[in-house]
Amino acid sequence: MADKEKVVGMFNNIAPTYDFLNHFLSLNIDKVWRRKIVKLFKAYAPQRILDVASGTGDLAIALTALKPAGIVGVDISEGMLEVGRVKVAKKNLSQTISLLYGDSENLPFPTGSFDAVAVSFGVRNFANLDNGLSEMQRVLKVNGIVAVLEFSMPRRFPVKQFYKFYFLRILPFFGKLFSGNSEAYAYLPDSVLKFPDGERFLNRLSDAGFSQVKEKRLSFGIATIYTGIKEEKKRRQ
């Protein structure tokens, strides 16, 4: 998967323009996708939520609609977290949201700390995907839910062809134009194309210990929400 130090440097560099570009390049559809995670979590009424690879905190902020007791966001990019902390403070959400430095492969929380765990557009940046998923499973309470929102590859013509053209040509151009960082916006489509989406990712969730794994493809398949449940281990007879 991704080179950790390279990813940290890249996201620290683009942090000041990240939110603008994220919403501009997705035509604000990313906000709609995050709200779908909020809707999924509603039935579980989670009181403690963990947002892994929180970045600038957009998902954590969206999740406050559930009125939880607390939301913790972790990320390895201090540059992104600083932008997020400013946003959280401006929205008067500092009592609910804490944005902390944290590595997805070694989460600084006891086992069974959270009712729900989420990550949006972050798992493809994990240095070791399986370690990151196992850590998310560890810190989740029994009967808790995990939701992973990630880009995926459309399967049907002509959406697949247009998507590839947009990702490989248009997105890097505007990314470089506004952020001044060509590497970051060349990395994005490359990481999406290499990501094990669909059934392959569901298998990785199962291998990490999640049950009832499902996928919900969004917007013609350009993004997918994957979910799983941490069930109680069956005792041997």
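## A tour that starts at I37

Select I37 first: beyond the residues up to four places away in sequence, I37 touches L59, L63, A118, A147, L149 and I225. Keep in mind as you click around that this is a predicted model.

**The cores.** Now widen the selection around I37. The largest nonpolar core holds 46 residues, and I37, F41 and L63 are those with the most contacts inside it. Colour helix α1, residues 4–25, next: α1 gives this core its largest share, seven residues. There is also a second, separate core of 26 residues, which includes F109, F114, F126 and L205. As background, nonpolar side chains in soluble globular proteins tend to be buried together.

**The whole chain.** Zoom out for a moment and switch to a cartoon view. The secondary structure comes to eight helices and seven strands. The chain is as compact as a globular protein of its length, because its radius of gyration of 17 Å is close to the 18 Å that the globule rule gives for 237 residues. Along the principal axes, the C-alpha trace spans about 60 × 40 × 30 Å. Buried residues make up 54% of the 237 residues. Of the contacts between residues at least 6 apart in sequence, 72% join residues at least 24 apart.

A surface view comes next. About 12,000 Å² of the chain is exposed, and carbon and sulfur atoms supply 53% of that area. Colouring by charge should bring up 34 positive and 23 negative side chains, with the centres of the two sets 7 Å apart.

**Strand β7.** Zoom back in on I225, one of the residues that I37 touches. I225 lies in strand β7. Is I225 buried or exposed? Its relative accessible area is 2%, so I225 counts as buried, the cut-off being under 20%. Show everything in contact with I225, leaving out neighbours within four places in sequence, and you should find W33, K36, I37, L40, A147, V148, L149, K214, E215, K216 and L218. For a distance label, pick the C-alpha atoms of I225 and E215: these residues are ten apart along the chain, and the atoms are separated by 5.7 Å.

Move along to T227, also in strand β7, which covers residues 223–229. T227 is buried, with a relative accessible area of 13%. With neighbours within four places set aside, its contacts are L40, V146, A147, L205, Q212, V213 and K214. Then draw a line from T227 to F174: the two are 53 residues apart in sequence and 32 Å apart in space, C-alpha to C-alpha.

**Backbone stops.** From T227, step to its contact Q212. Q212 sits in strand β6, residues 211–218, and is partly exposed at 47% relative accessible area. Where is phi of Q212? It is near 50 degrees, a positive value in a residue other than glycine.

Another positive phi awaits at A45, where the angle is near 45 degrees. A45 is in the loop between α2 (29–42) and β1 (48–52). At 52% relative accessibility, A45 counts as exposed.

Finish at P158, in the loop between β5 (140–151) and α6 (159–179). Which kind of peptide bond joins F157 and P158? The bond is cis, with omega about 5 degrees. For context, most residues other than glycine have a negative phi, and most peptide bonds are trans.

Notes
Residues are numbered from 1 along each chain as its sequence is written. This is a predicted model: local features need pLDDT of at least 70, side-chain atom pairs count only at pLDDT 80 or more; totals for chains, interfaces and linings use all residues. Side-chain values use heavy atoms; hydrogens and water are left out. Helices (H or I, at least four residues) and strands (E, at least two) are DSSP runs, numbered from the N terminus. The radius of gyration is taken over C-alpha atoms; the globule rule is 2.2 Å times the number of residues to the power 0.38. Buried means under 20% relative accessible area, exposed over 50%, partly exposed in between (1.4 Å probe, protein chains only). Contact means heavy atoms within 4.5 Å. Accessible areas come from the Shrake-Rupley method with a 1.4 Å probe; for residues, only the protein chains shown count as cover. Lys and Arg count as positive and Asp and Glu as negative; His and the chain ends are not counted. The place of a charge is taken as NZ of Lys, CZ of Arg, CG of Asp or CD of Glu. A nonpolar core is a set of buried Ala, Val, Leu, Ile, Met, Phe, Trp, Tyr and Cys residues joined through side-chain atoms within 4.5 Å.
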